[in-house]
Amino acid sequence: MTKDFKRILVTGALGQIGSELTAELRDRYGRDNVIASDIKTVKDSTVMEGGPWTLLDVTDADAVEKTVIELDIDAVFHMAAILSATGEQNPQLCWKVNMDGTINVLEAARKHEISRVIIPSSIAAFGPETPRKDTPQETVLRPKTMYGVTKVSGELVCDYYVRKYGLDVRGLRYPGIISSETLPGGGTTDYAVDIYYKAVQEGRYTCFVREDTMLPMMYMPDCIKATLDLAEADFGSLVHHSDFNVGALSVTAGDIAGSIRKHIPGFSVDYEPDYRQAIADTWPMSVDDSAAREEWGWKPEWDLDSMTADMLEKLRDKFL
Ligand code: NAD
Ligand code: AKB
């Protein structure tokens, strides 16, 4: 493992992943060495109050470059994005934030010799022509959402910067991330988080995908572990860079409901699919993550039932 970066910028730090990633980075690298940023503010935010903070719109190239120079940044975890469901409501904004934001971060990194850039991709990079079971690392990438289009384009442009400029850029195709700290920000897999909140708060849930909808999912502690294991891996051991498949759980909405019922027997779920069903139907059911396992030792730690027990305990502490 290498830890050769000292001053870290996190973009989109108030989001579902950014908020927990920032906390872990501050634990590992020191509170004052991790600068959180976002386009918005949140009242009583532990991210904003727990260390250095700055407002930053990643679509503003000058602001991104100025932040990198003035704060002496040598690593960026670029979490700012518009996710799939919001992206279908406003595809032009999705393209602007996801693509301009990515290019602005890459350009600032190239010009100022930043030693490492982490830019996530997603299972949304795949599409209906992709094999849906054990989706291979190298396969058809023809997504049908604007979000997916930006994720494939992002992977390609990141790999271009690795090849053309020797920039150290790394990224994972995250599955749907399940967590209890910060609500997800407008994705198709949000039902897999909402279901736990509603189970604790109301004992019933109306799910926006069918009961048999199977997608790859991952609990947040595994997401943070995957992100940092990849970020801290030796560059020389990497064959891939910006597009690692990472698997953990492959579960249906009904499987999650069943796991919750082991703790809340009366929990009831109605299934009323909306426009997000069509998006979910184009994504993998499971992924082949052997490249991540071989190149940087990826191994998930949480399964469905251990995640459910932990989620319910954390949400009960929060709400009851
Ligand atoms: P999120 O929507 O929860 O957070 C994104 C953050 O970006 C928000 O706080 C938002 O305010 C901020 N943002 C939006 N526009 C911005 C701008 N112009 N400038 C600066 N900040 C801006 O997203 P997340 O779930 O934390 O996702 C982080 C990354 O992981 C994204 O690249 C996303 O595509 C990827 N990802 C997430 C999941 C998941 O299930 N959460 C799955 C696959 C991939
Ligand atoms: C979304 O549903 O948009 C995200 C993702 C899988 O990229 N959670």
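This is a short tour of a predicted model, stop by stop, with something to select at each one.

**Stop 1: the six-stranded sheet**

Start with the open sheet of six strands. Their order is β3-β2-β1-β4-β5-β7, and the pairing is parallel. Select β3, residues 53–55, and β7, residues 169–170. These two stand at the edges, each with a single partner strand, so one side of each has no neighbour in the sheet.

Now add strand β2, residues 34–38. β2 pairs with β3 in the parallel sense, over three bridges. Pick out S37 and look across to β3: T54 stands opposite.

**Stop 2: a helix across the sheet**

Keep the sheet on screen and select helix α5, residues 91–111. α5 lies across three strands: β4 (75–78), β5 (116–118) and β7. Compare directions with β4: the helix runs at about 175 degrees to that strand.

Then step into the loop between α5 and β5 and select E113. Is E113 buried or exposed? E113 is exposed, because its relative accessible area is 70% and the cut-off for exposed is over 50%. Check its backbone too. Phi is positive, about 50 degrees, although E113 is not a glycine.

**Stop 3: the three-stranded sheet**

Next, find the open sheet made of three strands. The order is β6-β8-β12, with parallel pairing. β6 (121–122) and β12 stand at the edges. Each has a single partner strand, so one side of each is left without a neighbour in the sheet.

Select β8, residues 172–174. Two bridges join β8 to β12, and the two strands run parallel. Which residue of β12 stands opposite R173? It is N245.

**Stop 4: V246**

Move to the loop between β12 (244–245) and β13 (249–252), and select V246. V246 counts as buried because its relative accessibility is 0%.

Show what surrounds V246. Leaving aside neighbours within four places in sequence, the contacts of V246 include L172, R173, Y174 and P175. M218, V287, D289 and A292 are also among them, as are W296 and W298.

Now add S122. Along the chain, V246 and S122 are 124 residues apart. Their C-alpha atoms are separated by 9.5 Å.

**Stop 5: S286 and D134**

Go to the loop between α10 (275–280) and α11 (290–296), where S286 lies. S286 counts as buried because its relative accessibility is 14%, and the cut-off for buried is under 20%.

Which residues does S286 touch, not counting those up to four places away in sequence? They are R132, K133, D134, T135, P216 and S250.

Select D134 from that list. D134 lies in the loop between β6 and α6 (146–165). Its phi is near 50 degrees, a positive value in a residue other than glycine.

**Stop 6: strand β10**

Select strand β10, residues 204–207, and show the side chains. They alternate along the strand. Y205 and C207 point to one face and are buried. R204 and T206 point to the other face and are not buried.

Add strand β14, residues 268–271. Four bridges join β10 to β14, and the pair runs parallel. Look across from Y205: V269 in β14 stands opposite.

**Stop 7: α1 and α8**

Now for a pair of helices. Select α1 (residues 16–29) and α8 (residues 220–231). Their axes come within 10 Å and cross at roughly 60 degrees. That makes α1 oblique to α8. The crossing is right-handed.

Show the side chains where they meet. On α1, select Q16, I17, E20, L21, E24, L25 and R28. On α8, select M220, C223, I224, T227 and L228. By class, this contact has seven nonpolar, two polar and three charged residues.

**Stop 8: α7 and α12**

Finish with another helix pair: α7 (residues 191–201) and α12 (residues 304–319). They pack at an angle of about 50 degrees, with axes 10 Å apart. α7 and α12 are therefore oblique to each other. Their crossing is right-handed.

From α7, the contact uses Y196, Y197, V200 and Q201. From α12, the residues include L304, M307, T308, M311 and L312. L315, R316, K318 and F319 of α12 also take part. Colour the contact by class: there are nine nonpolar, two polar and two charged residues.

Terms used:
Residues are numbered from 1 along each chain as its sequence is written. Chains are lettered from A and ligands numbered from 1 in the order in which they are written. This is a predicted model: local features need pLDDT of at least 70, side-chain atom pairs count only at pLDDT 80 or more; totals for chains, interfaces and linings use all residues. Side-chain values use heavy atoms; hydrogens and water are left out. Axes are lines fitted to C-alpha atoms, for helices over the stretch in contact, and angles run from 0 to 180 degrees between N-to-C directions. Angles under 35 degrees count as roughly parallel, over 145 as roughly antiparallel, 65 to 115 as roughly perpendicular and the rest as oblique. A crossing is left-handed if the near helix is turned anticlockwise from the far one by less than a right angle, and right-handed if clockwise. Contact means heavy atoms within 4.5 Å. Ala, Val, Leu, Ile, Met, Phe, Trp, Tyr, Cys and Pro count as nonpolar, Asp, Glu, Lys and Arg as charged, and the others, Gly among them, as polar. Buried means under 20% relative accessible area, exposed over 50%, partly exposed in between (1.4 Å probe, protein chains only). Two strands pair if DSSP finds at least two bridges between them.
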